[in-house]
Amino acid sequence: MAPVVDAGPDVPADSATAIPTRRRARFHRLVVRQVRRLTEDSIEVTFEVPIELADDYGYDPGQYVAIRATVDGTELRRSYSICSAPVPGEIRVAIKRDLGGRFSSWAMENLAAGAELDVMSPEGNFTTDISADVARHYAAIAAGSGVTPVVALAHSVLEKSPHSQFTVVYSNRTALDTMFLEELADLKDKFPARLALHHVLTRETRSSPLLSGRIDHEKLQSILSLLVMPETVDEWFICGPFELVQLCRDTLAEAGVAAGDIRYELFTTGEPTRPEGSHGRPVAVAPGGAVHSITFTLDGRASTVTTPVHGRESVLNAALRVRPDVPFACAGGVCGTCRAKLVTGTVEMEENFALEPEELERGYVLTCQSMPTSDAVSVDYDV
Ligand SMILES: Cc1cc2nc3c(=O)[nH]c(=O)nc-3n(C[C@H](O)[C@H](O)[C@H](O)COP(=O)(O)OP(=O)(O)OC[C@H]3O[C@@H](n4cnc5c(N)ncnc54)[C@H](O)[C@@H]3O)c2cc1C
Ligand code: FES
């Protein structure tokens, strides 16, 4: 049974425990400055950020952007993690072809310098405060394109925090499939004592059996006892497909790592059920039928829409019918772009792979996953 969420406690914005208020995510049209091939199946795309948009595109390492494009007549939105430490005037992402995937296949075949795409301002919690005055050990476990935010984090930590260490466990099928192989080797050359880099290859035999084959529970236990000892790590970053993230969370928990010390980013839940386009799927309202009333505030303007009780429509889907500018990207409970605060009423949230426990406690919901369960519901996208 999906959890029912109540409007959370009303904590003043300046409270010490306040979650930082977010800059409102917006799309701007950005020009592609460069497309660089990383592997046969992946590219790095650099967008130019004009000076007047510098504030909108400031970001923390580990964050992602949503990209919007019309492919074969359908508007698609996909999220891509930023793959470089913050550099003024540009945003870089890395896109790996998902076999049969519409956006990634289109991008691999069509994107070139000079192209223009709608790119949303950066979002996401897969990040941390990086300070020059601390000596922390960060560890990341990533698979395939999941390394993208890890590359940005490792660069930033090693450059900005001279007493901190970073360990990367990175799984790929073969060396040829490995994104950022050279960049990571260069980083290792630059910071040999502070970066530990462990490549695990599933379809190639490496000299150590520990680094060959799929990462399963047993292999991860061995990695945790021989390569990266949990008691030495202050903060974990896990990024990749659903199964890897779940395996890491469970195995780290068994090893005594507190849930609050692990950050994770899911690239997909493996369920290709998301709606496409900016208008939500149509929902028929029978005359006189029971409805929920949904009020939402966006950019300081309140709008109200009704949704039939039998429709089990998400707050996002209903809101999109009256305001196509309501923010969303994955529509699958993964990215967090559609986050809003539940102000009144109750909703049932089907999936949540994006919100932290403290955000839930504060009453934040993913509107793409939230179905009203009270007659009236109001949410605020601006807080
Ligand atoms: C926060 C976040 C950050 C991300 N960062 C990155 C990143 O840095 N780099 C990166 O490469 N990706 C990243 N992703 C994943 C990315 O957003 C896309 O999901 C990915 O590129 C696939 O999109 P697509 O349009 O190519 O595939 P889709 O068309 O969405 O298809 C996805 C998969 O589902 C299958 N599929 C589609 N429809 C069906 C169907 N009806 N039945 C059965 N199977 C189906 C496809 O064959 C494909 O394998 C990130 C995702 C999130 C949420
Ligand atoms: S749009 Fe990605 S979690 Fe809702």
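Q: How many aromatic pairs does a search of the whole structure find?
A: Seven aromatic pairs turn up. To count, rings of Phe, Tyr and Trp (for Trp, its six-membered ring) need centres within 6.5 Å. This is a predicted model, so to speak with caveats: local features need pLDDT of at least 70, side-chain atom pairs count only at pLDDT 80 or more, while totals for chains, interfaces and linings use all residues. Residues are numbered from 1 along each chain as its sequence is written, chains are lettered from A and ligands numbered from 1 in the order in which they are written, and side-chain values use heavy atoms, leaving out hydrogens and water.

Q: What makes Tyr 138 and Phe 237 a tilted aromatic pair?
A: The centres are 6.4 Å apart and the planes sit at 35°. Planes under 30 degrees apart count as stacked, over 60 as edge-to-face and the rest as tilted, so 35° lands in the tilted class.

Q: How do you know that this pair links distant parts of the chain?
A: Tyr 138 is in strand 8 (residues 137-143) and Phe 237 in strand 11 (residues 235-240), with their positions 99 residues apart. Strands here are DSSP runs of E, at least two residues, and helices are runs of H or I, at least four, numbered from the N terminus.

Q: Why are helix 2 and helix 3 called roughly parallel?
A: Helix 2 (residues 147-160) and helix 3 (residues 181-190) pack at about 20°, axes 11 Å apart. Angles run from 0 to 180 degrees between N-to-C directions, with axes fitted to C-alpha atoms, for helices over the stretch in contact. Under 35 degrees counts as roughly parallel, over 145 as roughly antiparallel, 65 to 115 as roughly perpendicular and the rest as oblique. So roughly parallel it is for helix 2 and helix 3.

Q: Why do helix 4 and helix 5 get called oblique?
A: Helix 4 (residues 217-226) and helix 5 (residues 242-254) pack at about 50°, with axes 10 Å apart. That angle falls in none of the other classes, so the two are oblique to each other.

Q: Which residues of helix 4 and helix 5 meet?
A: His 217, Leu 220, Gln 221 and Leu 224 in helix 4 touch Leu 247, Cys 248, Thr 251, Leu 252 and Glu 254 in helix 5, contact being heavy atoms within 4.5 Å.

Q: What makes strand 14 and strand 17 edge strands?
A: Each pairs on one side only, and pairing takes at least two DSSP bridges between two strands. They end the open, mixed sheet ordered 14-13-19-15-17.

Q: How do you know that strand 15 and strand 19 pair?
A: Three bridges join strand 15 (residues 339-344) to strand 19 (residues 376-380), so the two-bridge minimum is met. These strands run antiparallel.
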